[in-house]
Amino acid sequence: MRYQSFRLQIVPGSEGGYAVQAFSPCGEGRAPFIPPEAGGSSEALGERLFRSVFRCEILRLYERSFDLLATEPDAGLRIELMLDPRDPSLAALQALPWELMRQPGTPDFPALSRRSPIIRYLAVPRPVYALRRPAVLRILAVGANPRDQPRLDLQRELRNLRDAIGTSTAIQIVEPKA
């Protein structure tokens, strides 16, 4: 997947409230942010949270950004939620279940879609260093056979994993002893 960023930054607003700022492929926008009330089902809370964030011009930017990607099946819109962990006025917002956001009137939870993952992006003043790649990437393959599901052909799944990895990649599959 190739992703475009849709960054949402929640900041203290006027009179003790909050504001949400969006930085998208279609431009920038700002709207008041009123935290949703807790309670109810996860779907209801997710819809209230979505309505709190995606209002006014933020919603229009979100819809236009998705429209840009509509004709590209391998493109997505990564929703990056940015909260400053050093700002004590944002502490309550950091505890909100952002991954439950759900567009009202749809069965869609953006966090469950490859086309619109939600990530939390912390604004911290630290340098970012590239990770060192290990010489061999080890994958632990563990099979499960729940009683209420059809049995899984574990040997076939391991063959599929080996075929998907190929021989040119330095990966070792570790099979636990039964």
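I began with charge in this predicted model, and counted 24 positive and 20 negative side chains in the protein chain. I then looked up where the two sets sit, and their centres lie 7 Å apart.

Next I turned to the surface, where the protein chain exposes about 11,900 Å², with 54% of that area supplied by carbon and sulfur atoms. As for burial, I noted that 29% of the 178 residues count as buried.

For overall dimensions I took the box along the principal axes, which the C-alpha atoms of the protein chain fill at roughly 60 × 45 × 40 Å. I also checked the radius of gyration, which is 21 Å for the protein chain, whereas a compact globule of 178 residues would have one near 16 Å.

I listed the secondary structure as 4 helices and 7 strands, and, reading along the sequence, I wrote down the order as β-β-β-α-α-β-α-β-β-α-β. Looking at contacts in the protein chain with a separation of 6 or more, I found that 60% of them are accounted for by residues 24 or more positions apart.

Last, I looked at a single residue, Ser65, whose place is in helix H2, a helix that covers residues 56-69. Is Ser65 buried or exposed? I entered Ser65 as buried, because its relative accessible area is 0% and the cut-off for buried is under 20%. Leaving out residues up to four places away in sequence, I recorded that Ser65 touches Phe6, Ser24, Pro25, Cys26 and Leu77.

Conventions. Residues numbered from 1 in each chain as written. Predicted model: local features only at pLDDT ≥ 70, side-chain atom pairs only at ≥ 80, totals over all residues. Heavy atoms only, no water. Helix = DSSP H or I, 4+ residues; strand = E, 2+ residues; numbered from the N terminus. Buried < 20%, exposed > 50% of the residue type's maximum accessible area, 1.4 Å probe, protein only. Contact = heavy atoms within 4.5 Å. Rg over C-alpha atoms; globule rule 2.2 N^0.38 Å. Areas by Shrake-Rupley, 256 points an atom, 1.4 Å probe, with all protein chains shown as cover. Lys, Arg positive; Asp, Glu negative; His and termini not counted. Charge placed at Lys NZ, Arg CZ, Asp CG, Glu CD.
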